[in-house]
Amino acid sequence: MSGIGSPSTELGQLQTEGLKVAVVAASWHEQVMNGLLDGAQRALRDAGLDESATLVRVPGSFELPVAARRLADNHDAVVALGVVVRGGTPHFEYVCAAATEGLTQVSVQTGTPVGFGVLTCDDDEQALDRAGLEHSSEDKGYEATAAAVQTAVTLAHV
């Protein structure tokens with residue numbers, strides 16, 4: 001299980017005053033995306049940032065990097081949420097690679113942390129299990145948001 005060994009930093013203990021966070025979320029797979037967004041919003045609340053966060057929706061995971069790039073210019077952290085489920089064509093590999101490489105470029109080129117909350121799953125069940133829903137074993141929306149916020153706080157002090 002990939003959730004084992006995740007950091008235990010409490011978001012409420014971080015100094016997040018004045019931090020600007022944006023969440024960019026894909027729209028495909030509505031149930032999974034609702035879970036990811038709920039997790040992100042819980043993490044923002046825990047960090048005291050829920051009222052100030054910017055939320056932007058894009059069609060799919062392929063569009064996440066361009067939106068994240070635009071948001072990175074005037075935010076301290078960006079969280080990218082999406083899901084890609086494997087199908088019978090190479091489309092899965094192309095979208096996963098483009099989203100991963102694009103979001104990595106945004107973070108490295110701008111110096112703005114990007115929380116990677118893009119689920120890349122073999123089937124719908126895997127996606128639902130990671131979406132932070134009532135019966136999910138993992139909450140990747142929360143984890144990606146926590147990672148971005150924690151990194152932004154760290155970078156503010158270096």
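Which residues touch the most other members of the largest nonpolar core? I started there. V21, L81 and V149 do, in a core of 30 residues. By nonpolar core I mean a set of buried Ala, Val, Leu, Ile, Met, Phe, Trp, Tyr and Cys residues joined through side-chain atoms within 4.5 Å.

Ground rules before going on. I am working on a predicted model, where local features need pLDDT of at least 70, side-chain atom pairs count only at pLDDT 80 or more, and totals for chains, interfaces and linings use all residues. I number residues from 1 along each chain as its sequence is written, and side-chain values use heavy atoms, with hydrogens and water left out.

**Cores**

I asked which elements feed the largest core: β1, α1, β3, β4 (114-121) and α5 (140-156) each supply at least two residues. α1 gives the most, with seven residues. My helices (H or I, at least four residues) and strands (E, at least two) are DSSP runs, numbered from the N terminus. I also noted a second, separate core of 14 residues, with V24, V58, V78 and V118 among them.

Then I listed the contacts of V21 (heavy atoms within 4.5 Å). Leaving out residues up to four places away in sequence, V21 touches L44, L49, S52, A53, T54, H75, A77, V79 and V149.

**T16 and G48**

T16 sits in the segment before β1. I have T16 down as buried because its relative accessible area is 6%; my classes are buried under 20%, exposed over 50% and partly exposed in between, with a 1.4 Å probe and protein chains only. With residues up to four places away in sequence not counted, T16 touches A47, L49, V149 and V153. I also checked T16 against E93: 77 residues apart in sequence, and 36 Å apart in space from C-alpha to C-alpha.

G48 is in the loop between α1 and β2 (54-58). With a relative accessible area of 57%, G48 is exposed. Its C-alpha is 9.1 Å from that of L14, and the two are 34 residues apart along the chain.

**H29**

What is the phi of H29? I get a positive value of about 60°, although H29 is not a glycine. Most residues other than glycine have a negative phi. H29 is in the loop between β1 (21-26) and α1 (30-46), and its 32% relative accessibility makes it partly exposed.

**Cysteines**

How many disulfides does a search of the whole structure find? Zero, with a disulfide taken as a pair of cysteine sulfur atoms within 2.5 Å. Why no bond for C96? The closest cysteine sulfur is in C121, 8.7 Å away, so it is too far for a bond. I also noted that C96 is buried at 11% relative accessibility, and that C121 is buried with a relative accessible area of 1%.

**Second largest pocket**

I put its volume at about 290 Å³. Of its 14 lining residues, W28, V83, V84, H91 and V95 are the closest to the centre. β3 (77-85) and α3 (91-110) are the elements that give two or more residues to the lining. By class I have seven nonpolar, six polar and one charged.

For the record, a pocket is an open set of points on a 1 Å grid over the protein atoms alone, where a 1.4 Å probe fits, with protein on both sides within 12 Å along at least five of seven lines; lining residues have an atom within 4 Å of a point.

Definitions and conventions: Points joined across faces, edges and corners; volume = space filled by probe spheres on them. Nonpolar A, V, L, I, M, F, W, Y, C, P; charged D, E, K, R; others polar.
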